[in-house]
Amino acid sequence: MVTDSIADYLTRIRNAVRAGHRVVEIPSSTIKLSITHILYTQGFILNYKYEEDGRQGMIKIALKIDPRSRVNAIKNLHRVSRSGLRHYAGVEKLPRVLNNMGIAIISTSQGVMTDKEARKRGIGGEVLCIVY
């Protein structure tokens, strides 16, 4: 049984990237769909699709791979806040990932968003993960 579903989500993507897979299937939840949508809009994944399976549903994620160099768009996924140690940051303390080349995904009172969007709205929250 998985106790940290977001860490499991990130690990599945990380393992698929390292194994060179083009598609990864992950059990769905609302927060996982939000994180997936952010990864899609920021250009880290090629596409995603939610499929209902009668239980909780599955998210199919097509990973973005450069066909010539066979390099994946996702270099690293890192879980920041975890179940044993939550990491909250105010708007002035939000992390900047690789001088804004990467993103931090933040769970705020207004929903899940990137660090740049949270700064623009002037709100802080729980730092879920860092992607670059």
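This report describes the sheet, the helices packed on it and the salt bridges of a predicted model.

**The three-stranded sheet**

Three strands make up an open sheet, ordered β1-β3-β2, with antiparallel pairing. β1 and β2 stand at the edges with a single partner strand each, so one side of each has no neighbour in the sheet. On average, neighbouring strands of this sheet are turned by 20° against each other, direction ignored. Strands of a sheet pair through backbone hydrogen bonds, in either a parallel or an antiparallel arrangement.

The pairing of strand β2 (residues 45-51) with strand β3 (residues 58-63) is antiparallel and runs over six bridges. Within this pairing, Tyr50 has Ile59 of β3 as its bridge partner, and Glu51 stands opposite Met58 of β3. The two strands form a hairpin, with six residues between β2 and β3. Gly54, in the turn of that hairpin, has a positive phi of about 90°.

**Helix α1**

Helix α1 covers residues 5-19. Its 15 residues should span 21 Å at 1.5 Å a residue, and the C-alpha atoms at its ends are 21 Å apart, so the expected and computed values agree. Just after α1 comes Gly20, which takes a positive phi of about 80°.

α1 lies across β1 and β3 and runs at about 165° to β1. Its buried residues are Ile6, Asp8, Tyr9, Leu10, Ile13 and Ala16. The elements that cover them include β1 (23-27), α2 (30-41), β3, β4 (77-79) and β8 (125-131). An α-helix has 3.6 residues a turn, so residues three or four places apart point the same way.

Ala16 is one of the residues of helix α1. Its relative accessibility is 4%, and Ala16 therefore counts as buried, the cut-off being under 20%. Apart from neighbours within four places in sequence, Ala16 is in contact with His21, Val24 and Leu63. Leu94 lies 78 residues from Ala16 along the chain, and the C-alpha atoms of the two are separated by 29 Å.

**Helix α2 and Lys32**

α2 lies across β1, β2 and β3, running at about 150° to β2. Lys32 lies in this helix. What is the nearest side chain of opposite charge to Lys32? It is Asp8, 4.8 Å away. Lys32 has no salt bridge although it is buried; the Asp8 distance explains this, because a salt bridge requires a side-chain nitrogen of Lys or Arg within 4 Å of a carboxyl oxygen of Asp or Glu. With neighbours within four places in sequence left aside, the contacts of Lys32 are Ser5, Tyr9, Ile26, Pro27 and Ile59.

**Salt bridges**

Over the whole structure, a search finds nine salt bridges. Three of them are listed here.

| Pair | Closest N to O distance |
|---|---|
| Lys49 and Glu51 | 3.7 Å |
| Glu126 and Arg86 | 3.1 Å |
| Asp115 and Arg119 | 3.5 Å |

The side chains of Lys49 and Glu51 meet in a salt bridge, and both residues belong to a salt-bridge network that links Glu25, Lys49, Glu51 and Lys60. Glu51 counts as partly exposed, because its relative accessibility is 26%.

Glu126 forms a salt bridge with Arg86. This pair links distant parts of the chain, 40 residues apart: Glu126 is in strand β8, and Arg86 is in the loop between β4 and β5 (88-89). At 12% relative accessibility Glu126 counts as buried, whereas Arg86, at 41%, counts as partly exposed.

Asp115 and Arg119 are also joined by a salt bridge. Both lie in helix α3 (residues 115-121), four residues apart, which is about one turn of the helix. Asp115 has a relative accessible area of 0% and is therefore buried.

Conventions:
Residues are numbered from 1 along each chain as its sequence is written. This is a predicted model: local features need pLDDT of at least 70, side-chain atom pairs count only at pLDDT 80 or more; totals for chains, interfaces and linings use all residues. Side-chain values use heavy atoms; hydrogens and water are left out. Two strands pair if DSSP finds at least two bridges between them. The expected span of a helix is 1.5 Å times one less than its number of residues. Buried means under 20% relative accessible area, exposed over 50%, partly exposed in between (1.4 Å probe, protein chains only). Contact means heavy atoms within 4.5 Å. Lys and Arg count as positive and Asp and Glu as negative; His and the chain ends are not counted. Axes are lines fitted to C-alpha atoms, for helices over the stretch in contact, and angles run from 0 to 180 degrees between N-to-C directions.
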